[in-house]
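Thanks for coming. Please have a look at the chain on the screen before I start.

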Amino acid sequence: MMNRRQFFAATAATAAVSTLARPASAAMIGEKGTFEGRSNHVTSGSVQIVEIEDKYVVELGDDFSLDGGPDPRVGFGTDGTYDPDSHLGALLRLKGKQYYAVPKTKGISQYNEVYIWCEVASVPLGVAKLK
């Protein structure tokens with residue numbers, strides 16, 4: 001379990017990534033999808049995995065939208081199952097483009113879905129299958 005200091009440090013690091021403009025050197029790695037709502041929530045918009053300066057980043061598109069929910073987080077899953085160890089950070093905004101860094105220690109090849117996950121209720125708010 002993460003203590004308050006670790007939570008704020010992780011959130012601040014994610015915020016720094018989410019406010020960056022996508023550099024011209026960013027390359028898509030071929031993984032993208034479209035969100036579908038879950039658990040009676042409306043979640044829509046695009047997501048893609050990009051490589052920026054030898055790091056993987058989850059990019060929520062300009063069209064991303066979530067109708068709300070307590071404590072939404074961004075993470076990965078496989079075939080309908082969320083991986084709680086894949087947590088990338090708290091969702092910073094309900095709408096619009098945002099970026100979430102994938103830690104170097106986290107491999108992404110085993111995942112085929114991006115989740116917007118409600119930590120409080122332990123339910124998905126939205127899922128995007130990656131293709």
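I will go from the whole chain to its core, and then to one strand.

First, a caution: this is a predicted model. The average pLDDT of the chain is 84, and 77% of the residues score at least 70. Which part stays under 50? That is residues 1-28. For this stretch the model has 33 contacts beyond four places in sequence. Where pLDDT is low, the predicted coordinates should not be read in detail. I will leave that part alone.

Now the overall layout. The chain has one helix and 11 strands. In sequence order, the helix comes before the strands. The chain has 131 residues, and 40% of them count as buried. It exposes about 7200 Å², with carbon and sulfur atoms supplying 54% of that. How far apart in sequence are the residues that touch? Taking contacts between residues at least 6 apart, 61% join residues at least 24 apart.

Next, the core. The largest nonpolar core has 21 residues. Which of them have the most contacts inside it? They are Val58, Phe76 and Val114. Five elements are listed as giving two or more residues to this core: β3 (46-52), β4 (55-60), β6 (72-78), β10 (113-118) and β11 (123-129). The largest share, three residues, comes from β10.

Take Phe76 as an example. Leaving aside neighbours within four places in sequence, its contacts include Val58 and Val114, the two residues named with Phe76 a moment ago. Phe76 also touches Ile49, Leu88, Val102 and Ile108, among others. Not every partner is nonpolar by name: Asp83, Ser86 and Glu113 are on the list as well.

That brings us to β6, residues 72-78. Is this strand mostly covered or mostly open? Mostly covered: six of its seven residues are buried.

What does β6 pair with? Six bridges join β6 to β10, and the two run antiparallel. In that pairing, glycine 75 stands opposite tyrosine 115. β6 also pairs with β8, residues 89-90, in the antiparallel sense over two bridges. Here valine 74 stands opposite glycine 89. A further antiparallel pairing, again over two bridges, is with β7, residues 81-82. Threonine 78 has threonine 81 of β7 as its bridge partner.

One last detail is the hairpin of β6 and β7. Two residues lie between the strands, and aspartate 79 takes a positive phi near 50 degrees.

That is where I will stop.

Notes: Residues are numbered from 1 along each chain as its sequence is written. This is a predicted model: local features need pLDDT of at least 70, side-chain atom pairs count only at pLDDT 80 or more; totals for chains, interfaces and linings use all residues. Side-chain values use heavy atoms; hydrogens and water are left out. Helices (H or I, at least four residues) and strands (E, at least two) are DSSP runs, numbered from the N terminus. Buried means under 20% relative accessible area, exposed over 50%, partly exposed in between (1.4 Å probe, protein chains only). Contact means heavy atoms within 4.5 Å. Accessible areas come from the Shrake-Rupley method with a 1.4 Å probe; for residues, only the protein chains shown count as cover. pLDDT is the predictor's confidence in each residue, from 0 to 100. A nonpolar core is a set of buried Ala, Val, Leu, Ile, Met, Phe, Trp, Tyr and Cys residues joined through side-chain atoms within 4.5 Å. Two strands pair if DSSP finds at least two bridges between them.
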